[in-house]
Structures are given as structure tokens and as C-alpha cells.
Amino acid sequence: MMIVATMKVKRSELEAFRSFEGLAARIMQRHGGALERAVFVDSGEGDWVREVHLVRFDDAAAFERYREDQELKSHAALRERCVLETEVLVGDEVDYYSSSIGSGSGNTAS
């Protein structure tokens with residue numbers, strides 16, 4: 001299963017946020033999860049930035065075990081200090097487009 005997590009992070013707390021995310025990634029690995037990609041988005045406006053994470057877990061049960069991990073929960077205050085809001089989308093990886101990526105077909109709509 002794939003998870004896309006978008007977090008709005010206080011600009012002034014980026015160092016603390018990265019510290020928390022390092023802990024979270026280590027805990028995630030214990031439950032079969034992996035942070036596959038992280039994208040930092042800074043519009044240059046306001047006192048916040050966004051970070052988008054693409055995360056993989058074997059299944060929903062593994063994701064739930066991660067979320068219920070006591071060590072992760074013990075760092076909740078650190079996370080709350082840094083993160084203003086979070087959106088989590090859960091889905092499945094698809095392979096609809098792999099044959100057309102890089103094919104150079106140049107197809108355009110008529």
C-alpha cells in the first residue's frame with residue numbers, strides 16, 4: 001500500500017521536524033514501512049512550508065502497527081510542535097503509465 005502524506009510545517013521548527021521525521025522513519029522500518037520519497041515545497045510565503053512524503057507499507061495492518069507504536073506516540077509532542085496540519089491519502093501503487101513514460105511517442109490530443 002502507498003501513502004501520500006502532506007504536512008504543513010512551521011518554518012521556525014524545520015530542524016525539530018527533521019529530527020522527528022528521522023525518528024519516525026526508523027520506527028516505520030520496524031513495521032515494514034519505508035519513506036520512499038520526500039519533497040520539500042517552499043512557496044516563500046508565510047511562516048510555514050510543506051513537505052510531501054511517499055511512504056510504502058506491506059499492508060494496512062503494518063501501517064496500523066506503525067501508528068500504534070508506543071515509541072512513535074512518545075514523540076507526539078515533538079511532532080505537534082512542528083506540524084500545523086497533515087493530509088494523508090492511502091491507496092495502491094498502479095502501473096498504468098509505465099509503458100508510455102519515456103516512450104517518446106509524442107502523442108497529442110487531436
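**Exercise 1. Contacts of leucine 72**

Which residues does leucine 72 touch, not counting residues up to four places away in sequence?

*Solution.* Note at the start that this is a predicted model.
- Step 1. Locate the residue: leucine 72 is found in helix α3.
- Step 2. List its contacts. Leucine 72 touches Phe20, Ala24, Ile27, Tyr66 and Arg67.
- Step 3. Check burial. The relative accessible area of leucine 72 is 13%. Buried means under 20%, so leucine 72 is buried.
- Step 4. Compare sequence and space. Alanine 25 is 47 residues from leucine 72 in sequence. Their C-alpha atoms are 9.9 Å apart in space.

**Exercise 2. The nonpolar cores**

Find the largest nonpolar core and say which helix gives the most to it.

*Solution.*
- Step 1. Count and name the members. The largest nonpolar core has 12 residues. They are Met1, Ile3, Phe20, Ala24, Ile27, Met28, Val55, Phe57, Ala62, Phe63, Tyr66 and Leu72.
- Step 2. Look at the helices. Both α1 and α2 (60-67) supply at least two residues each.
- Step 3. Pick the main contributor: α1 gives the most, with 4 residues.
- Step 4. Look for a further core. Another one, of 9 residues, lies apart from the largest. Its members include Ala5, Val9, Ala16 and Val83.

**Exercise 3. The sheet**

Work out the strand order of the sheet and name its edge strands.

*Solution.*
- Step 1. Read the order. The open sheet has 4 strands, arranged β2-β3-β1-β4, and the pairing is antiparallel.
- Step 2. Find the edges. β2 (34-41) and β4 (83-91) each have a single partner strand, so one side of each has no neighbour in the sheet.
- Step 3. Add the turn. On average, neighbouring strands are turned by 15° against each other, direction ignored.
- Step 4. Place the helix. Helix α1 (residues 14-30) packs on the sheet and touches β1 (2-10), β2, β3 and β4. The direction of α1 makes about 10° with that of β3.

**Exercise 4. Strand β3 and its partners**

Trace how β3 pairs on both sides, then sort its side chains by face.

*Solution.*
- Step 1. Take the β2 side. β2 and β3 (residues 48-56) pair in the antiparallel sense over 7 bridges. Valine 39 has valine 52 of β3 as its bridge partner. Valine 41 is partnered by arginine 50 of β3. Leucine 35 stands opposite valine 55 in β3.
- Step 2. Take the β1 side. β1 and β3 pair antiparallel over 9 bridges. Lysine 8 has arginine 50 in β3 as its bridge partner.
- Step 3. Inspect the hairpin. It has 6 residues between β2 and β3. Glycine 44 takes a positive phi near 80° there.
- Step 4. Recall the rule: in a regular strand the side chains alternate between the two faces of the sheet.
- Step 5. Apply it. Val49, Glu51, His53 and Val55 point to one face of β3 and are buried. Trp48, Arg50, Val52, Leu54 and Arg56 point to the other face and are not buried.

**Exercise 5. Helix α2**

Decide how the buried residues of α2 are placed around the axis, and what covers them.

*Solution.*
- Step 1. Name the buried residues of α2: Ala62, Phe63 and Tyr66.
- Step 2. Use the arc. They cover only 100° around the axis, so they sit on the same side of α2.
- Step 3. Find the cover. Among the elements over these buried residues are β1, α1, α3 (70-74) and β4.
- Step 4. Look at the N-terminal end. Aspartate 59 caps α2 there. One of its side-chain oxygens lies 3.2 Å from the backbone nitrogen of alanine 61.

**Exercise 6. Glutamate 13**

Is glutamate 13 buried or exposed? With which side chain does the side chain of glutamate 13 make a polar contact?

*Solution.*
- Step 1. Locate it: glutamate 13 lies in the loop between β1 and α1.
- Step 2. Read the accessibility. Glutamate 13 has 19% relative accessibility, so it counts as buried.
- Step 3. Name the polar partner. The side chains of glutamate 13 and arginine 81 make a polar contact at 3.0 Å.
- Step 4. Add the contacts. Leaving aside neighbours within four places in sequence, glutamate 13 is in contact with Arg81 and Cys82.

Definitions and conventions
Residues numbered from 1 in each chain as written. Predicted model: local features only at pLDDT ≥ 70, side-chain atom pairs only at ≥ 80, totals over all residues. Heavy atoms only, no water. Pairing = 2+ DSSP bridges. Axes fitted to C-alpha atoms, helices over the stretch in contact; angles between N-to-C directions. Contact = heavy atoms within 4.5 Å. Core = buried A, V, L, I, M, F, W, Y, C linked by side-chain atoms within 4.5 Å. Buried < 20%, exposed > 50% of the residue type's maximum accessible area, 1.4 Å probe, protein only. Arc of directions from axis to C-beta. Polar contact = N/O pair within 3.5 Å; in protein donor to acceptor, adjacent residues only side chain to side chain.
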